[in-house]
Amino acid sequence: MCGIVGYIGNRNATDILIDGLTKLEYRGYDSAGVAVFSNSEIKVCKEKGRLLNLCEKLEKDPITGNLGIGHTRWATHGAPSEVNSHPHTSMDGKIAVVHNGIIENFEQLRSMLKEKGCYFKSETDTEVIPHLINMYYEGDIFNAVKKAVAQLEGSFALGVISKDEPDKLIATRKQSPLIVGLGKDENYIASDIPAILSETKDVYLLDDGELAVLTRDGVTLYDSEGNEVTKEIYKVTFSENAAQKEGYDHFMLKEIHEQPRAIADTLRGRLSLDLPVKFDDLDGELIKKFKKIYIVACGTAYHAGLIGKTAIERLAKVPVSVELASEFRYNNPLIDSETLVIAISQSGETADTLAGMRLAKECGAYVLSITNVVGSSVSRESDTTFYTYAGPEISVASTKAYTTQLASLYLFAMFLAENKGTLTDAELSDIKSELYNMPQAIEEALKLEDEVKELSKKIYKEQDIYYLGRGVDYAVAMEASLKLKEISYIHSETYAGGELKHGPIALIEDGTVVIAVSTDKSISAKMDSNIKEVVTRGAYTICFANEETKASHESSHVVVMPNRSSVLAPITSIVPLQLLAYYVAINKGYDIDKPRNLAKSVTVE
Ligand code: AGP
């Protein structure tokens, strides 16, 4: 959570920081601030609430200078407020710091620093950092930062500037992402690439423990001991446009519409009709030895995992257990060297998922990650990584990351099936060809936009909406329900069709809205019965079906989606359900891309 940007060069740092923070606001938006070296001192301006509030404050009282750091915050320690927002400074105001992450030993450090005479203005864990750096400062800010971070436990990405050395910007990280951008006579730091993409496409991806010293003329990298290190420049391949809305009203809508492209990119070079499936570096022989698979993930990625389980078990006949990452490591999972753990994370920085992976590795498992962010912590810490090529996902509500995760899991299931010989050539060929043509099927599903937009007008005033499904449709319904509650704040639950009469049916009364997903011909008659059960009790039902399953004539409305075989159906059936959630939230006038209380990437446990 939280976004960091920093600049050193010859232009006005404040403008560049604000521009970067605007692109990072999805990382956190309960307060924002900048610290800029201006007229021989560090001037700090911060404000509670959206970035706009900070901009208004800066307009009234501008700060100009060529060195600065900025931050947009999602609160963890200390309520959202001006005083708790970053940057934080040393008591004399000579050192300013922006921080992402959590300092776990901040209470001990705080007591120690107080004993030495420091006073604290905020309730944050971060404030110990500038005091600590100041304590170690003997005329060399780099050395002081190096000594200070050696005392920190927890996770951090830091940008640091000092009044006494206005020709330097120091950056370092541990378990929280940070990159260094390279310009001509100017350099940058940022927690995410989109923040500086309008300035440069050449970046260093800092590794855990590394420190960077940025000057106008160059960047020097060091390991945690202070030894100089070299690393390759990473060339960003996606365009600045990819990180912008491109004419759509919201990132979420843009990202829903990007799904055919995102799926095609994810499959490209990995799936062809007449060659074996390629799963990047994963060894086909190695993969056969695993007797058990755990999928570990959170939120939407967890929902993708539920569908991955069905695909892997049906196609490759290996038992799969899908675990919420936040629960996994506290449940004593049965892991050994014959266990494969698949960690799924769009951001690659989700703390719970990382913790689950670490436990799995300690127990001897082989860890495969599926992530969207190159160089993310999840990818660095796994044995092998499979990247989804969704491109940057800005909307907090995940859409294209989900469908590219599904495409990756289907590919994995086919790769495993091919290596284990669990499918006939004809079966393999059918399923490959269906996945190969998935981008076109998603285009078809997107054509339902006007229909679901109209439907959204009928249901957006509801307080509760229930979803039903069976098999993979149940998992799709869970994801659809999560999308709805995330952005429209409507209370929503999902039930497996067969479970209704074991309790939840008591909730149904005249006019209750029930959304059913029914794409599997083999169980659609059962789903029809479940729909009938709620219709009889007065529910207004919408059924998302296909040509083969649309017979649920009892429904108040049937949305007919493209036909897909049951195991691959979720990748298309989620699309109109994402659109439905989007338009319900539009009708309610809510902030689609930045829903309340949520942040894009949950980097704390
Ligand atoms: C999805 O819409 C959510 N915002 C959230 O559930 C998300 O999927 C979850 O936090 C996991 O994130 P990750 O994929 O980046 O690990």
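How many bridges join strand 6 and strand 7 (residues 156-162), and in which sense do the two strands pair? Strand 6 and strand 7 pair in the antiparallel sense, over six bridges. The model is predicted, so that local features need pLDDT of at least 70 and side-chain atom pairs count only at pLDDT 80 or more, whereas totals for chains, interfaces and linings use all residues. Residues are numbered from 1 along each chain as its sequence is written, and side-chain values use heavy atoms, with hydrogens and water left out.

**View 1. Strand 6 within an antiparallel open sheet of seven strands.** The sheet has the strand order 5-6-7-8-12-13-14, where strands (E, at least two residues) and helices (H or I, at least four residues) are DSSP runs numbered from the N terminus, and two strands pair if DSSP finds at least two bridges between them. Strand 5 and strand 14 (228-229) stand at the edges with a single partner strand each, so one side of each has no neighbour in the sheet. Helix 4 (residues 128-136) packs on this sheet and touches strand 5, strand 6 and strand 7, its direction making about 135° with that of strand 6; contact means heavy atoms within 4.5 Å, while axes are lines fitted to C-alpha atoms, for helices over the stretch in contact, with angles that run from 0 to 180 degrees between N-to-C directions. Six of the six residues of strand 6 (residues 95-100) are buried, so the strand is largely enclosed by the rest of the structure; buried means under 20% relative accessible area, exposed over 50%, and partly exposed in between (1.4 Å probe, protein chains only). Ile-95, Val-97 and His-99 point one way from strand 6, and Ala-96, Val-98 and Asn-100 point the other way. In strand 7, Leu-158 is the bridge partner of His-99, and Ile-161 is that of Ala-96.

**View 2. The hairpin of strand 5 and strand 6, and the cis peptide bond at Pro-87.** Strand 5 (residues 88-89) pairs with strand 6 in the antiparallel sense over two bridges, and Thr-89 has Ala-96 as its bridge partner in strand 6. Five residues lie between the strands of this hairpin, in which Gly-93 takes a positive phi near 75°. Pro-87 belongs to the loop between strand 4 and strand 5, and the peptide bond that leads to Pro-87 from His-86 is cis, with omega near 0°.

**View 3. The parallel open sheet of five strands.** The strand order is 22-21-23-24-25, and the edge strands, strand 22 (491-496) and strand 25 (557-561), each pair on one side only. From one strand to the next, the twist averages 20°. Strand 21 (residues 464-469) runs parallel to strand 23 (residues 513-517) and is joined to it by four bridges, with Ile-465 standing opposite Val-513 of strand 23.

**View 4. The packing of helix 13 against helix 14.** Helix 13 (residues 400-420) and helix 14 (residues 425-436) pack at an angle of about 160° with their axes 11 Å apart, and are therefore roughly antiparallel to each other; angles under 35 degrees count as roughly parallel, over 145 as roughly antiparallel, 65 to 115 as roughly perpendicular and the rest as oblique. The contact is made by Ala-407, Tyr-410, Leu-411, Met-414 and Glu-418 of helix 13 and by Leu-428, Ile-431, Lys-432 and Leu-435 of helix 14. These residues divide into seven nonpolar, no polar and two charged, where Ala, Val, Leu, Ile, Met, Phe, Trp, Tyr, Cys and Pro count as nonpolar, Asp, Glu, Lys and Arg as charged, and the others, Gly among them, as polar.

**View 5. Two asparagines with positive phi.** Most residues other than glycine have a negative phi. Asn-332, in the loop between helix 10 (325-328) and strand 18 (339-345), has a positive phi near 45° and counts as exposed at 66% relative accessibility. Asn-597, in the segment after helix 19, has a positive phi of about 65° and likewise counts as exposed, at 63% relative accessibility.
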